[in-house]
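Colleague: Could you walk me through this one? I'd like to start with the odd backbone spots.

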Amino acid sequence: MADTVNKTLDPQVDRRGFLKGCTMAAAALGLSDAMIPKLVEAAATAERPRVVWLHFQECTGCTETLLRASHPDLARLILDIISLEYHETVMAAAGHQAEHNLMETVEKHPFILVVEGAIPRKDGGIYCKIAGKTAMDILAEVAPKASAIISIGTCASFGGVQAASPNPTGAAGVQDYPELVGGTPIINIPGCPPNPIAFLGTILHYLTFKRLPALDSMNRPLFAYGRKIHDHCERRAHFNEGRFVEQYGDEAHKLGYCLFKVGCKGPETFANCPAVRFNDVGVWPVSVGHGCTGCTEPNFWDTMTPFYERLPNVTIPVAGIVAGADSVGKKVLGVTAAAVGIHAAVGIGKRLVKGKSSDQE
Amino acid sequence: MATYEKHHCWSLLLRLFHWMFVLSIISLVTTGFYINNPWTNTMIEGGTTSLAMTYMRYIHFIAAYTFASAVAIRLFLYIFGNKQERILDILPVTGRNIKNLYRILLHYSYISDSHDDRLGHNILAGGSYLITYFAALFMILSGFYMLYPEVSFWQVWGVKLLGSQQWARFLHHCVMWWFLFFVVIHFYFLIWNDAKHPEGLISSMFTGVKFKQKA
């Protein structure tokens, strides 16, 4: 039915939706159900943390995923437990008023900074400007005063698509600018886009326990990025049994076999997609027959492509050759064998010319 | 007619290392190619309980531990082995070794026929083995990083040295090719040397004994 009264933009979240959202976050965080009341209490009574949300080089996909979650309660819950002071997509203010709000929050209140999008470094950072200031300047102004930084999406975490080789604007993630950030703790929630549950879980964890969740060595929260996709994949049994899709649309594909041979990057990607899934209808790429593209990993545009092959291609700079590792390997092996053959032939030739005298050393 | 005398060259431990290394590399490369691009498909071949990938991975991991143990033995022998096995015998840092490197280069390019009279590896051979052990250490580190990606020790070092899992996988695969190049060159120069200088080079890896002409 059409949403004639525009319920999805109604900022009020009902109690049922509120409890449901907290329960989902608790499950994602791996907390026992005894902790749910504490989560609910923290979300309901704590002073709503102020959040400044900065957009740099990005597609707004992360924000869209958050706001247009098919289950509207999730977006409303997030907007209910945080006080969004500055967010270019959803804020009512515009122009000077918006910039004033931003500075007001930064100067006078504790806040959490959420960054969406990469920050370009090349040519003084002129490739991303908002209100006449470069992304680097804005980050330097806002980040040191934040109590924590959440880099949402692969762009803010690791640079994303605009950092793909040859990276014309020198794009990089927030954590690549320690000189601008100044010691503020950074938490990365990569993904293209990331699951809103990972963001919600991080915020609720912060509200409930007054500290950030445990992180892995790439600053990703372990509750969401602690396990490989491959280890929780519903098609893992087919992998173990050696039942593979050979090409899209074949019989094995229709039977739902493992997508390893058509380039699924599940074995090298850390995320909770198979467990938490997307869109409240229990889907994620592999469940609908497409391999994982590894979007939560650094430089995935360079290292996970070609998306339908297992390994990246080898580039030989001077010769301009771009080919698969195995085809380069076979050629070098052929050259080695040829060199060995030539060496042997020279030896035999010399022996024929000089006779056998060389044996008497 | 030249007369030869026996010289003990390689200890039992070194020969054990060598054959552990050979067998584990054969298993690792074979199963590694399967794991990268499985050439069987039990859906097509009709198997129902073959667990093909599971067994390939199982063999790969057993061979990997054998490989790591073999490399550990070799590194031990570099320090505590007999005279021919120690690292100073193959590094071009002493006058004797630099002279050998020079002579062996001339010898291998058919410019000179003079053969250095030494019991252990020549410097070129020893150097190529040293590069291979570095490649082996890389394979061990990247392999453990992929086997235990969630163990913090391997994760911290793996991320620092190699980056993401995918990058580790890629480099693990590329460095594997070195071992195949090495096998071709190793076999060729073994046969070449054995044909030119009858000192029992090939059998020495079974018996530990080389033969030298009596002066």
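**Backbone, then overall form**

Modeller: Sure, A:Asp123 is exposed, with 10 other C-beta atoms within 10 Å. Exposed means 12 or fewer such neighbours, buried means 20 or more, and partly exposed is in between, with C-beta atoms placed from the backbone. Bear in mind that this is a predicted model, where local features need pLDDT of at least 70 and side-chain atom pairs pLDDT 80 or more, while totals for chains, interfaces and linings use all residues. Residues are numbered from 1 along each chain as its sequence is written, with chains lettered from A and ligands numbered from 1 in written order.

Colleague: Got it. What's phi at A:Asp123?

Modeller: Near 55°, a positive value in a residue other than glycine. A:Asp123 sits in helix α6 (residues 122-125) of chain A. Helices here are DSSP runs of H or I with at least four residues, strands are E runs of at least two, and both are numbered from the N terminus.

Colleague: And A:Lys210, buried or exposed?

Modeller: A:Lys210 is exposed, having 9 other C-beta atoms within 10 Å. Its phi is also positive, near 60°, and A:Lys210 belongs to the loop between α10 (196-209) and α11 (222-225) of chain A.

Colleague: Where are the cis peptide bonds?

Modeller: One joins A:Ser165 and A:Pro166, with omega about 5°. Another joins A:Thr305 and A:Pro306, with omega about -5°. A:Pro166 is in the loop between α8 (153-158) and β8 (171-172) of chain A, and A:Pro306 is in the loop between α15 (300-303) and β10 (314-316) of chain A.

Colleague: Switching topic, how many helices and strands does chain A have?

Modeller: Chain A has 16 helices and 11 strands. Of its 361 residues, 43% count as buried.

Colleague: Which domains is chain A divided into?

Modeller: Domain 1 (7-225), domain 2 (229-312) and domain 3 (321-354), with bounds from an automatic or database domain assignment. Taken over C-alpha atoms, the centres of domain 1 and domain 3 of chain A are 57 Å apart.

Colleague: What does the C-alpha trace of chain A span?

Modeller: About 100 × 50 × 40 Å along its principal axes. The radius of gyration of chain A is 26 Å, whereas a compact globule of 361 residues would have one near 21 Å. That radius is taken over C-alpha atoms, and the globule rule is 2.2 Å times the number of residues to the power 0.38.

Colleague: Super, thanks for the tour!
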